[in-house]
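Me: Could you zoom in on one part of this fold with me, and go slowly? I'm in my first year, so plain words would help a lot.

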Amino acid sequence: MSEYRLETEEDMEAYLDIDYGHGVSATYTNYQDVQTTIKVILNEEYIQDENGIGIEGTQPVAYCRSVDVPNALHNDTLDVAAIKDVDGNVLKTAQSYIVVNVQKDKTGFTALTLEES
């Protein structure tokens, strides 16, 4: 019989580590204007128009621990620090986003679909 194992809190922290993982620091502001500094993985996800008319592009999505954004809602904001390579060169400047979709995966992570503000 196989054993089903989920990631531990330590695993999640490692994924989001700023120095050795894939994480970047961000300031999350909820609907009550309460700010929290969290770590996120910021991706530019591929999207395609669902009507099949050939429109495609990318949309920013921030992956974070669900415990860091327990009551995330549309129109919350996320200010992401500049993304740098290992030599300190800026790959993407700091950016502010508005949350337009919240997807909790029930394993401890939440995907925040974003729009630039």
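Reply: Let's start at Leu78, which has Tyr97 of E7 standing opposite. Keep in mind as you look that this is a predicted model. Leu78 and Tyr97 give you a way into the pairing of strand E4, residues 77-80, with strand E7, residues 95-104. Four bridges hold that pair together on paper, and the two strands run antiparallel.

Now zoom out a little. E4 and E7 belong to a barrel that six strands close, and going round it you meet E1, E2, E3, E8, E7 and E4 in that order. The pairing here is antiparallel. On average, neighbouring strands of this sheet are turned by 45° against each other, if you ignore direction.

Keep going round the barrel and look at E3. Towards E8 (residues 109-116), E3 has five antiparallel bridges, and one place to spot this is Val61, which stands opposite Thr113 in E8. Towards E2, there are eight bridges, and again the strands run antiparallel. Find Glu44 there: its bridge partner in E3 is Pro60.

What about E1? This strand covers residues 24-29, and Thr29 is part of it. Is Thr29 buried or exposed? Thr29 counts as buried because its relative accessibility is 8%, and the cut-off for buried is under 20%. If you skip the neighbours within four places in sequence, Thr29 touches Val34, Gln35, Asp76 and Thr77.

Back to Glu44, since its side chain has a second story. Side chains of opposite charge can pair when their charged atoms come close. Glu44 forms a salt bridge with Lys92, and their closest N and O atoms are 3.1 Å apart. That pair ties together distant parts of the chain, with Lys92 in strand E6 (residues 90-92) and Glu44 in strand E2, 48 residues apart. Both ends are partly exposed: Lys92 has a relative accessible area of 26%, and Glu44 comes out at 40%.

How many salt bridges does a search of the whole structure find? The count is four, and Glu13 is a good place to look for some of them. Glu13 meets Lys39 side chain to side chain at 3.8 Å, N to O. In sequence they sit 26 residues apart, Lys39 in strand E2 (residues 35-48) and Glu13 in helix H1 (residues 9-15). Glu13 also has a salt bridge with Arg65, this time at 3.2 Å, N to O. Here the gap along the chain is 52 residues, from Glu13 in helix H1 to Arg65 in strand E3 (residues 56-65).

Which residues does this network of salt bridges link? Glu13, Lys39, Arg65 and Asp68 are the members. Their surroundings are worth checking too. Glu13 is partly exposed at 32% relative accessible area, and Lys39 is partly exposed at 30% relative accessibility. Arg65, though, counts as buried because its relative accessibility is 14%, and the limit for buried is under 20%.

So trace it once more on the screen: from helix H1, Glu13 reaches Arg65 in strand E3, and E3 is joined to E2 by eight bridges and to E8 by five.

Terms used
Residues are numbered from 1 along each chain as its sequence is written. This is a predicted model: local features need pLDDT of at least 70, side-chain atom pairs count only at pLDDT 80 or more; totals for chains, interfaces and linings use all residues. Side-chain values use heavy atoms; hydrogens and water are left out. Buried means under 20% relative accessible area, exposed over 50%, partly exposed in between (1.4 Å probe, protein chains only). Contact means heavy atoms within 4.5 Å. Two strands pair if DSSP finds at least two bridges between them. Axes are lines fitted to C-alpha atoms, for helices over the stretch in contact, and angles run from 0 to 180 degrees between N-to-C directions.
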